[in-house]
Amino acid sequence: MTLELQTKFLLDQLKALGAPPLETLTPQMARMGSKFPQGEVEEVGKVENRTIPGPASDIPVRVYYPKEEQSSYPALVFYHGGGWVICDLDTHDNICRALTNSAGCVTISVDYRLAPEHKFPAAVEDSYAAVQYVYDHAEDFKVDRTRIAVGGDSAGGNLAAVISHLAKEKNTPPICFQLLMYPSTNTGGVPTVSMVENAHGYFLEKGTMEWFRDCYLNSEEDKKSPLVSPALNEDFTGLPPALVITAEYDPLRDEGEEYGKKLADSGVEVETIRYDGTIHGFISMAAVLNVGKAALEKSGEALKKAFSK
């Protein structure tokens with residue numbers, strides 16, 4: 001395959017801008033330039049910014065409600081990507097709005113603590129605390145506690161996968177589905193074919209990934225933790241059904257697809273879809289990439305189907 005036309009045009013534009021690689025910036029500077037084109041703001045029923053108690057401090061969350069008034073809704077607890085270092089509630093506002101409308105769910109977007117100010121396991125602790133809080137206070141969110149899903153993109157997909165394992169191990173809260181958009185699942189593992197072939201020139205680059213990892217982790221030993229790399233878990237049985245989305249020209253493609261295979265081999269209901277001709281982060285670029293819109297629609301359909309069971 002070759003790059004699809006809109007993706008190629010976008011990459012050419014980014015190259016022409018000549019922006020410095022993220023790894024040459026401070027985390028604070030990198031965060032200032034991490035906003036994707038949002039396009040026209042998709043209207044939802046209501047949006048609330050609030051905080052919930054966390055293990056170290058209050059966690060900001062943004063809660064999106066569908067237009068249709070109901071006494072109770074299914075819920076998606078969403079974790080944004082950004083290598084555990086950049087991005088926030090605003091950068092992923094478009095994704096959360098689209099999923100709220102297409103899945104007919106309440107979406108709770110979690111502003112977990114970022115590295116390097118808060119290294120591993122801060123993001124994991126906040127992410128788990130958030131979904132547990134939503135479950136424990138379901139009525140406050142107008143949420144049906146039997147229909148709570150987790151999801152995220154890239155590092156957020158990593159957190160959603162990690163939290164699915166944690167919830168199974170702790171036997172709370174019950175997770176009904178996991179939406180994993182081009183997830184990082186084996187940080188620090190042996191480089192895959194896609195990691196080598198797509199290391200340069202396709203938006204997410206090898207140097208940036210190494211910088212993210214070094215910002216997030218405390219030591220080499222952390223790479224061996226299943227809380228960092230969910231692919232290292234020994235038992236995949238009994239995990240929630242999943243949709244795993246990958247992109248052809250993404251360094252993380254192979255580890256995402258291998259993770260989907262681990263789920264399937266363990267009897268977990270999973271659909272793994274590769275979107276050809278495009279790059280890491282393409283769903284966040286749905287305002288300018290039709291392939292991103294298609295993947296968002298597919299994600300909403302998968303959530304809606306899971307919630308209906």
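The following exercises, each with a worked solution, concern a predicted model of a protein.

**Exercise 1. Overall form**

Determine which radius of gyration a compact globule of 309 residues would have, and how the value for the protein compares.

Solution. For 309 residues, the rule for a compact globule gives a radius of gyration near 19 Å. The protein has 18 Å, which agrees with that expectation. The C-alpha trace spans about 50 × 45 × 40 Å along the principal axes. Nine helices and eight strands make up the secondary structure. Buried residues account for 55% of the 309 residues. Of the contacts between residues at least 6 apart in sequence, 78% join residues at least 24 apart.

**Exercise 2. An aromatic pair**

Classify the ring pair of Y182 and F282, and state where in the chain each residue lies.

Solution. The model contains nine aromatic pairs. In one of them, the ring centres of Y182 and F282 are 5.6 Å apart and the planes meet at 50°. Planes under 30 degrees apart count as stacked and those over 60 as edge-to-face; the pair is therefore tilted. Y182 lies in the loop between β6 (177-181) and α6 (193-197), whereas F282 lies in the loop between β8 (270-279) and α9 (290-308). The pair thus links distant parts of the chain, 100 residues apart.

**Exercise 3. Burial of the rings**

Decide whether Y182 and F282 are buried or exposed.

Solution. The cut-off for a buried residue is under 20% relative accessible area. Y182 has 2% relative accessibility and so counts as buried. F282, at 0%, is buried as well. W211 and F212 form a tilted pair, with 5.6 Å from centre to centre and 40° between the planes. Both W211 and F212 are buried.

Conventions
Residues are numbered from 1 along each chain as its sequence is written. This is a predicted model: local features need pLDDT of at least 70, side-chain atom pairs count only at pLDDT 80 or more; totals for chains, interfaces and linings use all residues. Side-chain values use heavy atoms; hydrogens and water are left out. Helices (H or I, at least four residues) and strands (E, at least two) are DSSP runs, numbered from the N terminus. The radius of gyration is taken over C-alpha atoms; the globule rule is 2.2 Å times the number of residues to the power 0.38. Buried means under 20% relative accessible area, exposed over 50%, partly exposed in between (1.4 Å probe, protein chains only). Contact means heavy atoms within 4.5 Å. Rings of Phe, Tyr and Trp (its six-membered ring) pair if their centres lie within 6.5 Å; planes under 30 degrees apart count as stacked, over 60 as edge-to-face and the rest as tilted.
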